[in-house]
Amino acid sequence: MTHKLPELDFAADALAPFLTAETLSFHHGKHHDGYVKKLNKAIEGGPLASASLVELVKKSDGGVFNNAAQHYNHSFYWRCIAPGGAKEPTGDLKKAIESSFGSLKDLHDAFTSGAAKHFGSGWAWLTADSGGKLHVRTTSDAGCPLTDGENPLLTCDVWEHAYYIDYRNERPRYVDAFWKAINWNFVTLALAKPGDVEKAILGK
Ligand code: FE2
């Protein structure tokens, strides 16, 4: 199968001032697209050519893993943010946050601190383990919680290319703005129906 760059759910200027159209044009149109192209080239004609993206993330290593996981992570990230700011988590997601962290404020503090302090390139995540408990994780480079058996619910890209145009070296300010733009509807879907996430993020 040929992997494709998913379309964004919003116009390139719809997230400003959180992220400008210039950031989105480079981040989605150059960086993310580059991972997709390198992935297709790496698997072409080989035994992994027919594997799904999630299968590639879970089973591959080296350059195939790096490009597959970056494709998955970015596709996930785009669904986690939306114009118009965040709506509060509700229902089962609200209950899971409160039972795992105490409150939304406690999750906010753990997530934003983890994202801001993660050393070097990587990702901050909210995940659910097999018992339904939620966790804040960070991964380096292309790392993805799927390889540790946890389901991603929310991610923030903390590679410099995600924020340098708009925030220069001020990652904490970017992370604060990210928190205000979270699409909690997607996080709710990811918790309730992890089997539907791959389709949702790839827009098939
Ligand atoms: Fe990125």
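**Notes on a predicted helical and stranded chain**

1. Let's start inside, at Leu134. With a relative accessibility of 1%, well inside the under-20% cut-off, Leu134 counts as buried. This residue sits in strand β2. Setting aside neighbours within four places in sequence, Leu134 is in contact with Ala96, Ile97, Ser100, Phe101, Leu126, Thr127, Ala128, Leu153 and Leu191. For a sense of distance, take Leu134 and Ile182: they are 48 residues apart in sequence, and their C-alpha atoms are 17 Å apart in space. Keep in mind throughout that this is a predicted model.

2. Now step back to the whole chain. How many helices and strands are there in the protein chain? The count is 9 helices and 3 strands. Read from the N terminus, the order is α-α-α-α-α-β-β-β-α-α-α-α, so to speak a run of helices, then the strands, then helices again.

3. On overall dimensions, the protein chain has a radius of gyration of 16 Å, which agrees with the value near 17 Å that a compact globule of 204 residues would have. Along the principal axes, the C-alpha atoms fill a box of roughly 50 × 40 × 30 Å.

4. What about inside versus outside? Of the 204 residues in the protein chain, 50% are buried. The chain exposes about 9,700 Å², and carbon and sulfur atoms supply 51% of that area. As for who touches whom, take the contacts between residues at least 6 apart in sequence: 70% of them join residues at least 24 apart.

5. Next, a helix pair worth finding on screen. Helix α1 (residues 21-43) packs with helix α3 (residues 62-80) at an angle of about 145 degrees, and their axes are 8 Å apart. The crossing of α1 past α3 is left-handed. On the α1 side, the contact is made by Leu24, His27, His28, His32, Tyr35, Val36, Lys38, Leu39, Ala42 and Ile43. On the α3 side, the residues are Val64, Asn67, Ala68, Gln70, His71, His74, Ser75, Tyr77 and Trp78. By type, the contact residues of α1 and α3 come to 10 nonpolar, 8 polar and 1 charged.

6. One residue of that contact deserves its own point: His71, in helix α3. Is His71 buried or exposed? His71 counts as buried because its relative accessibility is 1%. Not counting residues up to four places away in sequence, His71 touches His3, Lys4, Pro6, His32, Tyr35, Val36, Leu39, Leu53 and Leu202.

7. A second helix pair can be set beside the first. The axes of helix α5 (residues 104-117) and α7 come within 9 Å and cross at roughly 145 degrees. Here α5 passes α7 in a right-handed crossing. From α5, the residues Leu104, Leu107, His108, Phe111, Thr112, Ala115, Ala116 and Lys117 meet Arg171, Pro172, Val175, Phe178 and Trp179 of α7. The contact residues of α5 and α7 split into 9 nonpolar, 2 polar and 2 charged.

8. Tyr167 is another one to click on. Tyr167 belongs to helix α6 and is buried, with a relative accessible area of 5%. Apart from neighbours within four places in sequence, Tyr167 is in contact with Pro17, Phe18, Leu19, Arg173, Tyr174 and Ala177. Tyr167 and Leu104 are 63 residues apart along the chain, with 26 Å between their C-alpha atoms.

9. Pro17, one of the contacts of Tyr167, brings up the backbone. Most residues other than glycine have a negative phi, and most peptide bonds are trans. Against that background, the peptide bond from Ala16 to Pro17 is cis, with omega near 5 degrees. Pro17 is placed in the segment before α1.

10. Two phi values also call for a look. Asp141 is not a glycine, yet has a positive phi of about 55 degrees. Asp141 lies in the loop between β2 (134-140) and β3 (151-157), and counts as partly exposed because its relative accessibility is 45%. Arg168, also not a glycine, has a positive phi near 50 degrees. Where is Arg168 placed? Arg168 is in the loop between α6 (164-167) and α7 (171-180).

Methods: Residues are numbered from 1 along each chain as its sequence is written. This is a predicted model: local features need pLDDT of at least 70, side-chain atom pairs count only at pLDDT 80 or more; totals for chains, interfaces and linings use all residues. Side-chain values use heavy atoms; hydrogens and water are left out. Axes are lines fitted to C-alpha atoms, for helices over the stretch in contact, and angles run from 0 to 180 degrees between N-to-C directions. Helices (H or I, at least four residues) and strands (E, at least two) are DSSP runs, numbered from the N terminus. A crossing is left-handed if the near helix is turned anticlockwise from the far one by less than a right angle, and right-handed if clockwise. Contact means heavy atoms within 4.5 Å. Ala, Val, Leu, Ile, Met, Phe, Trp, Tyr, Cys and Pro count as nonpolar, Asp, Glu, Lys and Arg as charged, and the others, Gly among them, as polar. The radius of gyration is taken over C-alpha atoms; the globule rule is 2.2 Å times the number of residues to the power 0.38. Buried means under 20% relative accessible area, exposed over 50%, partly exposed in between (1.4 Å probe, protein chains only). Accessible areas come from the Shrake-Rupley method with a 1.4 Å probe; for residues, only the protein chains shown count as cover.
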